[in-house]
Amino acid sequence: MRTVATVKRSPKRLKYSAPRFTKGEGFLYVNVDPQGADTWKLDPVVRLLQDGAVGVITTDTVYAIVCDLKSHSSIERLRRIKDIDSLKPLSILCHSLKDIDTYTLGFPCGNGQGQTNIFRAVKHCLPGPYTFILPASKELPKQCLRYGTSTAKYASRKSVGVRIPDDIVCQAILEKMGRPLICTSVKWPKEDEWIVDPAIIADVYAPEGLDFIVDAGIRVADPSTVVDLTGTLPTIIRQGKGPKHDWMHLREDGSSTST
């Protein structure tokens, strides 16, 4: 874990060399109450997102780089800012189960013959610190699954990770947006460690073209628990903040990934 005390917390004095969406307006840094007492401050953030900006918001786990799910150019910018491999799929932050129903084929419902009704079980976990991998629907933009290759512009639709964070600030942004956000967790470039201080995130990623940051305080480096629901059994592929439930299974080797 990196020591944050040695890093100068001065996002307003940073000099950015890379172009950003906000251009003349500059980089937007918004401090908000983690308990949601001043969600009116989020209105400029929502307007930026609706216009195609890429920024950082809080969740119930770690900070996430986000953009509008409907903006193809924003998704491409997000990949460039985070330097995400073109083959890596992206997750979506949802406000409700209705969003999940729209952009995925839904949760397994069981068969009445001993197979767990996953939908009923999942409802007890959401909102919460879980990412569930589900088959994607035709409504999900292709850029969420793969940016493209030299031989084929887009891969066929497969699966997507979905989240409903239990965070007042995040939920306020999603409600104001009226649709999900594409997201990827904020890590140190080239390292498998999360950045939990929003001021340091500004130091690291604003020069790469980030448009805004919503600062709701320093977080704990504890990501969501990722559960794959596309196979025969619900399988944990990363154990994080969300506890393991009886209906969740570990991989056959008894381990979960740390990435």
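## The aromatic cluster

Phe 107, Phe 119, Tyr 130, Phe 132 and Trp 247 are linked by ring pairs into a cluster. The model that shows this cluster is a predicted one. Altogether, 4 aromatic pairs are found in the structure. A pair of aromatic rings is described by two quantities, the distance of the centres and the angle of the planes.

In the pair formed by Phe 107 and Phe 119, the ring centres are 6.2 Å apart and the planes stand at 40°, so this pair is tilted. Phe 107 belongs to the loop between helix 3 (97-103) and helix 4 (118-122), while Phe 119 belongs to helix 4; the pair therefore ties together parts that are 12 residues apart in sequence. Is each of these two residues buried or partly exposed? Phe 107 counts as buried because its relative accessibility is 7%, and the cut-off for buried is under 20%. Phe 119 has a relative accessibility of 29% and therefore counts as partly exposed.

Phe 107 also forms an aromatic pair with Phe 132, at 6.0 Å centre to centre and with 85° between the planes, an edge-to-face arrangement. Phe 132 lies in strand 5 (residues 130-135) and Phe 107 in the loop between helix 3 and helix 4, so this pair ties together parts that are 25 residues apart in sequence. With a relative accessible area of 0%, Phe 132 is buried.

## The nonpolar core

Which residues touch the most other members of the largest nonpolar core? In this core of 73 residues, they are Phe 132 and Ile 173. Phe 132 thus appears both in the aromatic cluster and in the largest nonpolar core.

When residues up to four places away in sequence are not counted, Ile 173 touches Leu 42, Val 46, Leu 49, Ile 57, Leu 181 and Val 214. One of these residues, Leu 181, is considered again below with strand 7.

## Helix 6 and its surroundings

Helix 6 covers residues 198-205, and 7 of its 8 residues are buried, so this helix is largely enclosed by the rest of the structure. The buried residues are Pro 198, Ala 199, Ile 200, Ile 201, Ala 202, Val 204 and Tyr 205. Against which elements do they pack? Their partners are strand 1 (28-31), strand 2 (55-57), strand 3 (64-68), helix 2 (72-82) and strand 8 (212-215). At the start of helix 6, Asp 197 places a side-chain oxygen within 2.9 Å of the backbone nitrogen of Ala 199.

Helix 2 has buried residues of its own, namely Ser 74, Ile 75, Arg 77, Leu 78, Arg 79, Ile 81 and Lys 82. The cover over these residues includes strand 3, strand 7 and helix 6. Just after helix 2 comes Asp 83, which takes a positive phi of about 55°.

## Strand 7 and its partners

Strand 7 spans residues 181-185; 4 of its 5 residues are buried, so the strand is largely enclosed by the rest of the structure. Strand 7 pairs with strand 3 in the antiparallel sense over 5 bridges, and here Val 66 stands opposite Cys 183. Strand 7 is also joined to strand 4 (residues 91-93) by 3 bridges, again in an antiparallel arrangement. Leu 181 of strand 7 stands opposite Leu 93, and Leu 181 is also among the residues touched by Ile 173.

## Polar and charged side chains

Asp 215 is found in strand 8. Its relative accessible area is 6%, so Asp 215 is buried. What does the side chain of Asp 215 reach? It makes a polar contact with the side chain of Tyr 29 at 2.7 Å, and it reaches the backbone nitrogen of Gly 217 at 2.8 Å.

Two charged residues lie over the faces of aromatic rings. Lys 187 is placed over the face of Trp 194, 4.4 Å from the ring centre. Arg 219 is placed over the face of Tyr 63, 5.9 Å from the ring centre.

## The chain as a whole

The protein chain contains 6 helices and 11 strands. Of its 259 residues, 50% are buried. Among the contacts with a separation of 6 or more, 67% are between residues 24 or more positions apart.

Terms used:
Residues are numbered from 1 along each chain as its sequence is written. This is a predicted model: local features need pLDDT of at least 70, side-chain atom pairs count only at pLDDT 80 or more; totals for chains, interfaces and linings use all residues. Side-chain values use heavy atoms; hydrogens and water are left out. Buried means under 20% relative accessible area, exposed over 50%, partly exposed in between (1.4 Å probe, protein chains only). Helices (H or I, at least four residues) and strands (E, at least two) are DSSP runs, numbered from the N terminus. Contact means heavy atoms within 4.5 Å. A polar contact is a pair of N or O atoms within 3.5 Å; within protein, one must be able to donate a hydrogen and the other to accept it, and residues adjacent in sequence count only if both atoms are side-chain atoms. A nonpolar core is a set of buried Ala, Val, Leu, Ile, Met, Phe, Trp, Tyr and Cys residues joined through side-chain atoms within 4.5 Å. Rings of Phe, Tyr and Trp (its six-membered ring) pair if their centres lie within 6.5 Å; planes under 30 degrees apart count as stacked, over 60 as edge-to-face and the rest as tilted. A charge sits over a ring if NZ of Lys or CZ of Arg is within 6 Å of the ring centre and within 35 degrees of the ring normal. Two strands pair if DSSP finds at least two bridges between them.
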